[in-house]
Amino acid sequence: MLQVDTHTILRHKSPFLFLEHAELDKNGFASAMVELPLEEFSWAAPLELSLLHVECAAQLISVVMRLRLKRERSRGVFAGLRSFEWLSTPQDVRRVTVQYKKSSANFHEFEGTFYNKEQEPCAHLIGTTHLSDDLIPDSSNEQDNSFSDASPIFQLQEKGNEEGESISAQASRECEVYRGHFPGEPITPGVLIAEMMLAAIQKQSELPLCLKRVEALSFNAPIKPGDVVTVNTKSLEDYRFRVSVVSGRKRIAKAGFELQPVA
């Protein structure tokens with residue numbers, strides 16, 4: 001079993017680096033402890049709508065694939081989820097494991113499982129990460145102080161049409177997330193785009209909701225600091241929703257969500 005300090009492999013920096021150490025074996029299996037003090041992040045979604053646990057799995061598989069392919073300096077991003085489902089409550093998570101499944105071009109599919117303190121599964125996912133042929137440039141070690149730890153990642157605006165619902169959202173120019181994702185080349189993390197989609201659903205709901213399942217989440221284009229996008233939501237039956245994020249005629253992301261009322 002290989003012990004790895006994740007900060008030596010990942011492009012992420014604080015406050016968007018969630019794993020300190022990982023254990024990897026030669027078959028592409030990896031494990032890491034999960035500690036997510038969401039209350040310390042002013043930009044974090046409430047636990048019931050948070051997807052930062054998914055980001056932990058994405059960061060872990062990124063370490064696996066960079067070492068597996070001997071491409072430690074390749075640019076990488078989280079490309080999406082085929083599925084993600086909570087089997088119990090998010091606060092129970094203590095550890096995440098990931099297993100490499102298959103590759104298609106630069107896209108690498110993986111399977112992940114979260115475990116609680118009793119070592120029982122509490123969530124499962126199948127996702128995809130992307131490693132490009134481009135290399136990460138050497139970055140300055142100087143701290144970027146232009147970002148604020150008090151700024152939210154998105155501001156949601158008004159509701160829209162009657163057939164569905166549309167909400168305008170603007171990405172912050174100051175949020176400290178951009179200090180760590182990515183240094184010198186800030187783009188909005190995919191999981192935070194997905195959380196924005198969930199926030200749009202919650203904004204239009206009369207009841208407080210919590211996340212149960214995500215299906216067919218994909219990202220087609222980045223959101224940069226200051227960008228304005230439109231979030232379109234369509235309510236189906238049984239607290240199921242289809243959501244897309246667009247900028248003009250360009251689709252940024254889409255997903256299906258299943259939620260449930262907070263107990």
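Below are short questions and answers on strand pairing, backbone outliers and salt bridges in this structure.

Me: What kind of model is this, and what pLDDT do local features need?
Reply: Residues are numbered from 1 along each chain as its sequence is written, and side-chain values use heavy atoms, with hydrogens and water left out. This is a predicted model, where totals for chains, interfaces and linings use all residues, side-chain atom pairs count only at pLDDT 80 or more, and local features need pLDDT of at least 70.

Me: How many bridges join strand β4 to strand β10?
Reply: Strands here are DSSP runs of E with at least two residues, and helices are runs of H or I with at least four, numbered from the N terminus. Two strands pair if DSSP finds at least two bridges between them. Strand β4 covers residues 74-86 and β10 covers 209-219. They run antiparallel, and the number of bridges is 5.

Me: Which residue of β13 stands opposite Val 214?
Reply: β10 also runs antiparallel to β13 (residues 250-261), with 8 bridges. On the β4 side, Val 214 in β10 is the bridge partner of Phe 84. In β13, the residue opposite Val 214 is Phe 257.

Me: Which residue does a cis peptide bond join to Ser 14?
Reply: Most peptide bonds are trans. This one is cis, with omega about 10°. The loop between β1 (2-5) and β2 (21-24) holds the partner, Pro 15.

Me: What is omega for the peptide bond from His 181 to Phe 182?
Reply: Phe 182 sits in the loop between α2 (177-180) and α3 (190-204). The bond from His 181 is cis. Its omega is near -5°.

Me: Is Lys 70 buried or exposed?
Reply: Lys 70 lies in the loop between α1 (52-69) and β4. Its phi is positive, near 55°, though the residue is not glycine. Buried means under 20% relative accessible area, exposed over 50%, and partly exposed in between (1.4 Å probe, protein chains only). At 69%, Lys 70 is exposed.

Me: What is the phi of Tyr 239?
Reply: Tyr 239 is in the loop between β11 (228-235) and β12 (240-247). Its relative accessibility is 34%, so Tyr 239 counts as partly exposed. Most residues other than glycine have a negative phi. Tyr 239 has a positive one, about 60°.

Me: How many residues apart in sequence are the parts tied together by Arg 75 and Glu 185?
Reply: A salt bridge is a side-chain nitrogen of Lys or Arg within 4 Å of a carboxyl oxygen of Asp or Glu. Arg 75 and Glu 185 meet in one, at 2.7 Å, N to O. Arg 75 is in strand β4 and Glu 185 in the loop between α2 and α3, so the parts tied together are 110 residues apart.

Me: Which residue meets Arg 82 in a salt bridge?
Reply: The N to O distance is 2.7 Å. Arg 82 is in strand β4, and its partner is 27 residues away in strand β6 (residues 107-115). Arg 82 is partly exposed at 48%, whereas the partner counts as buried at 17%. That partner is Glu 109.

Me: Which residue forms a salt bridge with Arg 213?
Reply: The closest N and O atoms are 2.9 Å apart. Arg 213 lies in β10 and its partner in β4, so the pair ties together parts 128 residues apart in sequence. Arg 213 is partly exposed at 22%, and the partner counts as partly exposed at 27%. The partner is Glu 85.

Me: How many salt bridges does the structure hold?
Reply: Side chains of opposite charge can pair when their charged atoms come close. The total for the structure is 9.
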